[in-house]
Amino acid sequence: MNPGYTFTHHGAVDGVTGSCHQLTLSDGQSVLVDCGLFQGAETSVDGANVDRLAIDFSVEKVRALVVTHVHIDHVGRIPYLLSAGFRGPIICSQASATLLPLVLEDALKVGVTRDQALIDRFLAQVGRQIVAVPYKQWRSVIGDELRVKLAPAGHILGSAWVEFELGQGRNKHRIVFSGDLGAPYTPLLPAPRSPYGADVVVLESTYGDAVHESRKDRRRRLQALCERAFGNKGCVLIPAFSIGRTQELLYELEEIIHRNRSRPAAPGVNWDDLDIVIDSPLAADFTAGYAQLREHWDKEARRKLAAGRHPLAFEQLTTIDDHALHLQTVEYLARTARPAIVIAASGMCSGGRIVNYLKAMLGDARHDVLFVGYQAAGTPGRDIQKYGPKGGYAYLDGKRIDIRAGIHTLGGYSAHADQNDLLNFIGRMRHKPEQVRLVHGDAGAKQALAAVIRQRHPGMDVVVPRG
Ligand SMILES: [Zn+2]
């Protein structure tokens with residue numbers, strides 16, 4: 001029985017960005033799950049997009065915002081929510097509460113203002129509204145009417161799926177929002193477990209039509225690719241997102257170095273002599289945050305710590321904060337072609353420090369670029385990925401650069417569950433939902449996932465909400 005609530009999906013309906021879902025009770029009070037930025041060409045039903053950021057619905061009766069995790073496409077519109085007048089609690093996990101101010105500060109600096117006083121005032125307001133909730137504990141959201149509980153989602157540190165409970169006694173009704181779910185073997189993070197039961201599940205479907213390769217294969221390919229790249233000297237440039245993937249890559253590189261101590265990565269270069277450079281203040285801050293929040297790491301990562309290893313702060317790792325030092329490093333590595341791995345944002349090469357590296361090295365065959373993340377249409381990253389292997393060119397800062405560096409793509413470094421994981425999330429529930437609503441996926445991914453869920457669970461109502 002549906003006790004008279006409704007869903008409104010303000011984002012991540014026709015695509016994967018701008019996540020913002022509203023659960024409205026029969027008396028008009030509501031909660032939001034996430035409030036993210038749209039990216040690339042994606043928009044909301046009412047036309048909010050990467051340029052039109054204002055909140056396009058009333059927040060008067062919104063009693064709380066629950067944050068599943070701190071990726072920008074899930075939290076990036078919080079400043080606009082606050083400026084629309086929202087003063088309710090921002091409920092999130094303890095690790096997210098630590099990381100959220102870092103993300104929002106960066107988002108404000110990049111997209112809104114450089115005025116530090118204004119930023120500080122905003123962050124103080126956010127600080128007053130954040131309510132950190134431990135995993136697996138119920139907390140009241142709207143009096144006796146609505147309670148919420150978070151559980152680990154294994155996607156990035158602090159990520160959670162969210163369970164709401166409406167009503168009392170026999171009339172209890174449960175609704176689960178998956179947020180972004182991780183793959184079971186995501187480095188550092190414990191695998192997500194399914195809810196015990198729910199009446200309705202709002203499920204992400206980013207990789208609803210795909211199955212990832214195993215983590216072991218992926219690590220082997222990362223190693224082989226680096227070894228091949230170092231064969232002709234030079235850098236391996238990895239454009240990466242600051243949160244999640246950078247830390248996963250570091251974790252995997254530490255493992256590769258540990259397994260291959262004193263073995264050559266290429267003639268004349270040993271794995272343990274290689275420099276690994278994180279050239280991004282935000283990625284460095286997040287890596288420090290990840291390192292600090294080790295009580296949330298999985299068993300494997302904690303075992304490494306106990307054995308004296310430092311998966312996110314190992315010896316070969318250098319972080320660059322200062323801009324002058326960044327420019328020096330670009331110049332030095334471009335000139336000497338000393339083998340090194342450089343991780344820098346942005347992930348799609350549309351800005352950030354990676355652009356300086358690319359401008360200096362893309363035209364030089366001794367260097368290599370390794371893509372580990374999705375490259376959206378219209379970004380320099382997509383052009384380099386697509387035209388680089390054919391000897392094409394790309395534009396960076398308005399300048400045409402002929403691509404001579406090696407260009408590689410390593411798939412599978414996704415912090416998302418694949419089709420099997422998504423099916424397991426539903427299939428392992430003791431009390432299966434009556435309804436599953438698929439969001440956060442492209443049309444093809446949602447259709448494919450809907451078809452297999454219907455096949456496995458005849459009678460389950462699988463809904464693909466439309467924008
Ligand atoms: Zn995410």
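Trainee: Let's start with the backbone: in which loop is lysine 233 found?
Mentor: Lysine 233 is in the loop between α5 (215-230) and β12 (235-239). Keep in mind, as we go, that this is a predicted model.

Trainee: What makes the phi of lysine 233 worth a remark?
Mentor: Its phi is positive, about 65°, although lysine 233 is not a glycine. Alanine 337 is also not a glycine, and has a positive phi of about 55°.

Trainee: Where does alanine 337 lie, and why is it called buried?
Mentor: Alanine 337 lies in the loop between α9 (323-336) and β17. Its relative accessible area is 1%, and the word buried applies under 20%, so alanine 337 is buried.

Trainee: On to the metal. How do you know which residues coordinate the zinc ion?
Mentor: A donor is an N, O or S atom within 2.8 Å of the zinc ion. His69 (NE2), His71 (ND1), His155 (NE2) and Asp180 (OD) coordinate it at 2.2 to 2.4 Å, so they count as donors. Along the sequence, their spacing reads H-x1-H-x83-H-x24-D.

Trainee: Why is the site of the zinc ion called irregular?
Mentor: Its four donor atoms make angles of 90 to 169°. A tetrahedral label would need all angles between 85 and 135 degrees, so the upper value of 169° rules that label out. The site is classed as irregular.

Trainee: What does the pair of histidine 71 and histidine 155 tie together?
Mentor: Histidine 71 sits in the loop between β4 (62-66) and α1 (72-75), and histidine 155 in the loop between β8 (146-152) and β9 (160-166), so the pair ties together parts that are 84 residues apart in sequence.

Trainee: Are these two histidines buried or exposed?
Mentor: Histidine 71 has a relative accessible area of 17% and histidine 155 has 1%. The cut-off for buried is under 20%, so histidine 71 is buried, and so is histidine 155.

Trainee: What is there to say about how α3 and α4 pack?
Mentor: Helix α3 (residues 94-111) and helix α4 (residues 116-129) pack at about 145°, with axes 10 Å apart. The crossing of α3 past α4 is right-handed. From α3, the contact uses Pro101, Leu104, Glu105, Leu108 and Lys109; from α4, it uses Gln116, Ile119, Phe122, Leu123 and Val126. By class, that gives seven nonpolar, one polar and two charged residues.

Trainee: How do you know that serine 280 is buried?
Mentor: Serine 280 has 7% relative accessibility, and buried means under 20%, so serine 280 qualifies. The residue is in the loop between β15 (275-278) and α7 (281-292). Leaving aside residues up to four places away in sequence, serine 280 touches Ser242, Ile320, Ala345 and Arg353. The C-alpha atoms of serine 280 and aspartate 321 are separated by 6.4 Å, with their positions 41 residues apart along the chain.

Trainee: What kind of peptide bond joins alanine 345 and serine 346?
Mentor: It is a cis bond, with omega of about 5°. Serine 346 belongs to the loop between β17 (340-344) and α10 (354-361).

Trainee: Last one: why does histidine 457 count as buried?
Mentor: The relative accessible area of histidine 457 is 15%, and the limit is under 20%, so histidine 457 is buried. It lies in the loop between α13 (443-456) and β23 (461-463). Beyond residues up to four places away in sequence, histidine 457 touches Ile426, Gly427 and Lys432.

Definitions and conventions
Residues are numbered from 1 along each chain as its sequence is written. This is a predicted model: local features need pLDDT of at least 70, side-chain atom pairs count only at pLDDT 80 or more; totals for chains, interfaces and linings use all residues. Side-chain values use heavy atoms; hydrogens and water are left out. Axes are lines fitted to C-alpha atoms, for helices over the stretch in contact, and angles run from 0 to 180 degrees between N-to-C directions. Helices (H or I, at least four residues) and strands (E, at least two) are DSSP runs, numbered from the N terminus. A crossing is left-handed if the near helix is turned anticlockwise from the far one by less than a right angle, and right-handed if clockwise. Contact means heavy atoms within 4.5 Å. Ala, Val, Leu, Ile, Met, Phe, Trp, Tyr, Cys and Pro count as nonpolar, Asp, Glu, Lys and Arg as charged, and the others, Gly among them, as polar. Donors are N, O and S atoms within 2.8 Å of the metal (3.2 Å for Na, K and Ca); water is not among the atoms, so sites may look incomplete. Four donors count as tetrahedral if all angles lie between 85 and 135 degrees; four count as square planar and six as octahedral if opposite donors are over 155 degrees apart and all others between 65 and 115; anything else is irregular. Buried means under 20% relative accessible area, exposed over 50%, partly exposed in between (1.4 Å probe, protein chains only).
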